[in-house]
Structures are given as structure tokens and as C-alpha cells.
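Thank you for making the time this morning. I would like to walk you through one model, and I will give the cut-offs as we go.

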Amino acid sequence: MSAEQFLELAGIPLLLFVILMYYGMRLWIMKDITAIRGKNKPPVKDEAAYAKAAGQLMVFFAVATLLMMVLLFWNLYAAVAEIVVCTVILGILWSRMNKKYGE
Amino acid sequence: MVKTNQQKIKDFLINNGVIIVMFILVIYTGLTSNNFFTGNNLMNILTNMSSRLVIALGIAGCVITAGCDLSAGRMIGFGGCIAGTLLQRMDYSGKFFPDMEPLNVFVALLIVMVICAAFGTITGFFIAYLSVPPFIATLAMMEIVYGISLIYTNATPLGGYVQEYTNIANGKFLGINYLIWIAIIVAAITWFIFNMTRHGKYMYAIGGNPQAAEVAGVPVKKTLILIYMKAAAMYGLAGFMLGARAGGASVQLGYGYEMEAIAACTIGGVSVTGGRGRVSSAIIGVAVFELLKVALQYLGVDANAQYIAIGIVIFVAISLDIRKYIAKK
């Protein structure tokens, strides 16, 4: 497989992995919640805990994206099933995290 | 504090700097190229603008609520692929559904828009009910739709469309291409929704201050779902239009269009911080963006350098928008 073919198939998940890792690290390590909330949103209940939990969830989804990229070369159905399941998990966990530390 | 005329002029020049520079570039290109200011070129630009405008109008709704929709490009590709598989000629050797008669063009369009709208509804649900930030929810949907598109088409490019479908891109009414008419109709409907309906007012209220909107009785969650659903239906329509124009489609159709659409909205005056933006903003933004691309082509700028120029425009436009927001604060 040429680099061009690789990027054609895996380029989008790879790009998303980098973006999600960047935001995940900004949240988890730098505790910068404006990275995802913007500057005109109301303050959260516990900023440090919110940033850590949100960062961890972003990294989780980044890893899910990377896994999807690998699965794309093996089985398309498995790749889609994996990302759908991970998206649902992300949604549920994010909702819980928001209730606990957010607004 | 009352601003002097000089300050007002300075603010105007800074806030509309991108549009002014584009305007100068277009005039320069027109004066230095023989074929730029011609009827054919104008029609070509308007036809190219048509699908971009439909996408931008969809995204504008999301941006007005201080959101975004990064799944637009993939939805366009998916929409184009669905339309393609439903509208292939019976005698085409690579027909995707060999035994299926091609559907009526309007039925196919309806199917495309309904399927895309369903995905948009899911995105809206994640944003409204699970409080997932729009950019994460739409990134996730981008991946899901990309994966589903790959499964649906088996990563095979589609072609061999029925003439009724390709005629949408070639046919004319009153001397104007059907695609342009579609864009005009979509713009008119969007204008009506934004300005004349309760949903439109709710949208601006949410963008201005979601907490205040909720306290004031605005159904924030339902409105957000509707916005993302409507936007996704528009991406489906744009995919359908692009497929007709190209005479083929693949999962790569619409790649990167979401960024151009967000940038076009921002250039035109739809604020990324929410609460501000009109249909005319999207039209101006798309026109400026399309003119920039055509002008750069006419000036013989290298294709890769064009990407850099477009990137600079996006960067400057968003920086100016944030400057406006800070000044307002």
C-alpha cells in the first residue's frame, strides 16, 4: 500500500486523532477549559476536576479514533461498530461528567 | 463613548478588511485578465457558489448558536454517494444496485435529505441532551458517517448517472442554471426561517446567551436538535447537487468543505461567538471566497499556494471576528 492510499483511507481518523489529542492534553495537563467551552460560557462548578475529566474523555476518544483507523484496514464493519460504541460511551460519560463538575 | 468619524472609518476598514482586500484583488484580476469579467465566467462562479452556499447556510445556523458542524464534509460525501447509487443508468456496467431501476430524481433527493437529517438529529441529541461540545459531537459524527460511507460504497467511486440527474447541473430556467435556482430557493427559505419564525428567534437567543434563553422559556434542546437536523438535510442537498455537477461521487466528495463554509460564514459576518449572522452574511462570505479562488486561478497562482492564501484569509477573518467580539465586550 502506497502512502497516498494509506492517507486516502486513514487520513481523516489520523487527523482527528491529532486534533483530539491536542485538545485532550490542553484540558488534562494545562487545565484550559476555554479550549472546549469558549470564553462566554458560565463558569463550571469545579474547574480542575472538569478539565481533568474532560481531558481524559478526549484522550479516550482520540484512542478510539486511532483504533478505528487500524480497524479500517482489517474490517470496515468492525471499525464503524467500534466508533459508534465509543461515541455512545463518550456521550454518556460526558453527560455524567457535566452533571458532576459542570453547570 | 462617542466615536469620531475617523474612528468609525478605521473600524469599518478593519472589520471589513478581508472583503475590501478581496474586492481589490477581484478588480485587479479583472483588469489584468481578458476573460474574467465575462458572462460565462460569472455564471460559472455562481454555479460553483450554489452548492457552497447551501452548505454555508446550513452551517450558519450552527455557528449562530455558538456551535459548529465539522461533519458537513462527510455528510456531503455520503449524500452524494446515496444519490449516486439510486440514480445510476440500467446499462451502466458498474451499477451499484444492478437490478434496481433508477428512482425518480426528487424521490432520491428526499431520501438523501431524510437520511442526512437523521444523522444530524443524532448529532443534535448529543449536543443538546448529553451536553457534548458541538465540535466533539460533530467530529464523532464525521467519523461515523465516513465509516458508513466506506461500508455503503465499499470505497468505490460512482458514475453512470441517469440524464435526469445530470440535467440538474446542466439545465437552465430563464437562462440561469438549475443549481443556482436551488441555491436561491434554499437561501429564501433560510431567510424566512431565520427572520420570520419563532425557531429563528430562538436560534439567535441561544447564540446570544443560552442560560438566559432557557430562563426565558426558549426550548433550547429542541431548537438545537432542529438546527443540526436542518443543517444535515442541507448537506445532503449539497451532496446531491455536487454529484449532479461532477457526474460522479466518492466518499471523498466534499472533503474540507466544512472549513471553507465556516470560513465563508465568518468572512461574511456570522460570528463564531454566536448570536450574530444573517443569510446575507453567508452569501457575501461564499461569494468572496469563491471569487478569491477564481481570481487566484486567473492570476496563475500555484495550487498549493492557493491553499496557503485561503488559510491566511480564514485566519485573518476569524481573528477579526474575535476582535469585534472583544471590542463589543
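I will begin with chain B as a whole, then turn to its core, some of its helices, a loop, and the contact with chain A.

This is a predicted model, in which local features need pLDDT of at least 70 and side-chain atom pairs count only at pLDDT 80 or more, while totals for chains, interfaces and linings use all residues. Residues are numbered from 1 along each chain as its sequence is written, and chains are lettered from A and ligands numbered from 1 in the order in which they are written.

Chain B has 14 helices and two strands, where helices (H or I, at least four residues) and strands (E, at least two) are DSSP runs, numbered from the N terminus. Its radius of gyration, taken over C-alpha atoms, is 20 Å, close to the 20 Å that the globule rule gives for 329 residues, so chain B is as compact as a globular protein of that length; the rule itself is 2.2 Å times the number of residues to the power 0.38.

Of the 329 residues in chain B, 48% are buried, and by buried I mean that 20 or more other C-beta atoms, placed from the backbone, lie within 10 Å of the residue's own, with exposed meaning 12 or fewer and partly exposed in between.

The largest nonpolar core (buried Ala, Val, Leu, Ile, Met, Phe, Trp, Tyr and Cys residues joined through C-beta atoms within 7 Å) has 129 residues, of which Ile55(B), Ala56(B), Ile59(B) and Ala282(B) touch the most other members. Helix α11 (residues 220–246) of chain B gives the most to this core, with 17 residues.

As for helix α4 (residues 72–86) of chain B, 15 of its 15 residues are buried, so it is largely enclosed by the rest of the structure.

What is the sign of phi at Asn154(B)? It is positive, near 60°, in a residue other than glycine, and Ala155(B) likewise has a positive phi near 60°. Asn154(B) lies in the loop between α6 and α7 (163–170) of chain B and is exposed, with 9 other C-beta atoms within 10 Å, whereas Ala155(B), with 15 C-beta neighbours inside 10 Å, is partly exposed.

Finally, the contact takes 17 residues from chain B and 22 residues from chain A, two residues being in contact if their C-beta atoms lie within 7 Å. On the chain B side, helix α6 (residues 134–153) supplies the largest share, nine residues.
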